[in-house]
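This report looks at strand pairing and at aromatic contacts. The sequence and structure come first, followed by the details.

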Amino acid sequence: MPIAHLDDRGVIKVAGADAGKFLDGLVTCDIDRVSQERARFGALLTPQGKILFDFIVFKAEGQEDAFFLDCRKAFSDDLARRLGFYKLRAKVSIENLSETLAVIAGWSVPPPASEVGLVSEDPRLPTLGWRAIVAAGDIGEFADADAEAYHAHRIAAGVPEGGSDFVFGAAFPHEALMDQLKGVDFDKGCYVGQEVVSRMQHRGTARTRIVPVRYPDGVVPEAGADVTAGERVIGQCGSGRKGRGLLMVRLDRVADAVEAGQGMRAGGLEFELIQPEWTSFSVPGIDKRDSER
């Protein structure tokens, strides 16, 4: 019954009378669709449309609306500061609660009752299970697995995360599969970077994508290593666990390598491309099929 404490995740609280309106004008997901029962996946972008931070947004209701952003802990201070930059006269408070709140995730096991904290099915992909934000002191009551087990499960499902599989400030949402994982609401109002993201969506110009792979020997390369076809660099390695990994690659260059019968390597290691059934784009050289879980 795997439930893991995700010790690499932090929590930012945004609360106040203007909290919903404030966030909705900044992030890629529609804040009006966030509820106590259902979290949403989203990101804060640069004006040029690249991902500064990705996160899962939970909502709690009381005397005033309060939203909790489950984000990469190492970047939580930066996220709080960036949100503060946009605050201006909005009636909101922004707090980094990463030392008092914690994130847990479970799969193949029922979620805890909502009374223990903020609980939601993972909004990205049902295979990932559920996530919850709980008091840091309560972790021992739930967690029976470590974060490594969770990340092995996530990588096998083909789901990337910022700071592990792409560099913040360097990737567009489409490249990080946010369009595939319900991280961008294309029918919502304006937000930072929207024009670039909408243009990529309507023109279908995303040539670079993160794709899952299998390493036949079970060894995985270091994150950041080059993906090559012959002498040509076609991408970079993301995270990997237990013989599975994620690569960010130029699909057109993969297609060229496949057509030429040229072998591809990630950090010097051979790999096999995988295309999960939940993706709508085509990975060159393989039939669209379900990812091995």
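## Successive hairpins

In strand E13, Leu247 is the bridge partner of Cys237, and this bridge belongs to the antiparallel pairing of E12 with E13 (residues 244–250), which runs over five bridges. Helices (H or I, at least four residues) and strands (E, at least two) are DSSP runs numbered from the N terminus, and two strands pair if DSSP finds at least two bridges between them. Two residues separate E12 from E13 in their hairpin, where Lys242 in the turn has a positive phi of about 50°.

Strand E12 (residues 232–241) also pairs with E11 (residues 226–229) in the antiparallel sense, over four bridges; Gln236 in E12 is the bridge partner of Asp226. The hairpin of E11 and E12 likewise has two residues between the strands, and Gly230 there takes a positive phi near 65°.

## Basis of the model

The model is predicted, with local features requiring pLDDT of at least 70 and side-chain atom pairs pLDDT 80 or more, whereas totals for chains, interfaces and linings use all residues. Residues are numbered from 1 along each chain as its sequence is written, and side-chain values use heavy atoms, leaving out hydrogens and water.

## Aromatic contacts

The structure holds five aromatic pairs (rings of Phe, Tyr and Trp, the last by its six-membered ring, with centres within 6.5 Å; planes under 30 degrees apart are stacked, over 60 edge-to-face, the rest tilted). Among them, Phe53 and Phe168 form a tilted pair, 6.2 Å centre to centre with 40° between the planes.
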